[in-house]
Amino acid sequence: QVQLVESGGGLVQPGGSLRLSCAASGSFFSMYTMGWYRQAPGKQRELVARIITGGSTNYVDSVKGRFTISRDNAKNTVYLQMNSLKPEDTAVYYCNAYRLAWGTENNYWGQGTQVTVSS
């Protein structure tokens, strides 16, 4: 079992920056693919960025060059550095941990943190 707790959301002006953190409890953090998703009002949840166990990353096109995902396995924490924020980045951001082990999917979500980009 993995529990995820996000922090770092808030209100920021367009062009500003925020860093989200997701602290994980439980075992085998380094074996999980970690992701950040977001959901804006009236829209489906979408994958923003993902980092696999080997450190490779991928991003949705709309955040490439502005957002950076990273992980610190010693601290059981994944980060999302968000720069040059735009109003369309406004959403609830969710941390996700995923692992396929022995034919079983292990998929966990945090409670979400609100990011609002507005002047």
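This briefing describes a four-stranded sheet, a disulfide, aromatic contacts and some backbone angles in a predicted model. Because the model is predicted, local features need pLDDT of at least 70 and side-chain atom pairs count only at pLDDT 80 or more, while totals for chains, interfaces and linings use all residues. Residues are numbered from 1 along each chain as its sequence is written, and side-chain values use heavy atoms, with hydrogens and water left out.

**Sheet**

- An open sheet holds four strands in the order S1-S3-S8-S7 with antiparallel pairing, where strands are DSSP runs (E, at least two residues) numbered from the N terminus and two strands pair if DSSP finds at least two bridges between them.
- Strand S1 (3-7) and strand S7 (67-72) stand at the edges with a single partner strand each, so one side of each is left without a neighbour in the sheet.
- From one strand to the next the twist averages 15 degrees, with axes taken as lines fitted to C-alpha atoms and angles running from 0 to 180 degrees between N-to-C directions.
- Strand S3 (residues 18-25) pairs with strand S8 (residues 77-82) in the antiparallel sense over six bridges; in this pairing Cys22 stands opposite Val78, and Ser21 has Tyr79 as its bridge partner.
- Strands S7 and S8 run antiparallel and are joined by six bridges, among them the one between Asp72 and Thr77.
- S7 and S8 form a hairpin with four residues between them, and Asn76 in the turn has a positive phi of about 55 degrees.
- Five of the six residues of S8 are buried, so this strand is largely enclosed by the rest of the structure; buried means under 20% relative accessible area, exposed over 50% and partly exposed in between, with a 1.4 Å probe and protein chains only.

**Disulfide**

- The structure holds one disulfide, a term for a pair of cysteine sulfur atoms within 2.5 Å.
- This disulfide joins Cys22 to Cys95 with an S to S distance of 2.1 Å, and it links distant parts of the chain, since Cys22 is in strand S3 and Cys95 in strand S9 (residues 91-101), 73 residues apart.
- The torsion about the S-S bond of Cys22 and Cys95 is about -85 degrees, so the disulfide is left-handed.
- Cys22 and Cys95 are both buried.

**Aromatic pairs and charges over rings**

- A search of the whole structure finds two aromatic pairs, meaning rings of Phe, Tyr and Trp (its six-membered ring) with centres within 6.5 Å, where planes under 30 degrees apart count as stacked, over 60 as edge-to-face and the rest as tilted.
- The rings of Tyr32 and Tyr108 have centres 6.2 Å apart and planes at 55 degrees, so this pair is tilted.
- Tyr32 lies in the loop between S3 and strand S4 (33-39) and Tyr108 in strand S10 (residues 104-109), 76 residues apart, and the pair therefore links distant parts of the chain.
- Tyr32 counts as buried at 5% relative accessibility, and Tyr108 counts as buried at 14%.
- Tyr37 and Trp109 form an edge-to-face pair, 4.9 Å centre to centre and with 65 degrees between the planes; Tyr37 is in strand S4 and Trp109 in strand S10, 72 residues apart.
- Tyr37 is buried, with a relative accessible area of 19%, whereas Trp109 is partly exposed, with a relative accessible area of 36%.
- Arg45 lies over the face of Trp109 at 4.6 Å from the ring centre, under a criterion that places NZ of Lys or CZ of Arg within 6 Å of the ring centre and within 35 degrees of the ring normal.
- Arg99 lies over the face of Phe28, at 5.3 Å from the ring centre.

**Positive phi outside glycine**

- Most residues other than glycine have a negative phi.
- Ser84, in the loop between S8 and S9, has a positive phi near 50 degrees and counts as partly exposed at 40% relative accessibility.
- Trp102, in the loop between S9 and S10, has a positive phi near 55 degrees and is exposed, with a relative accessible area of 87%.
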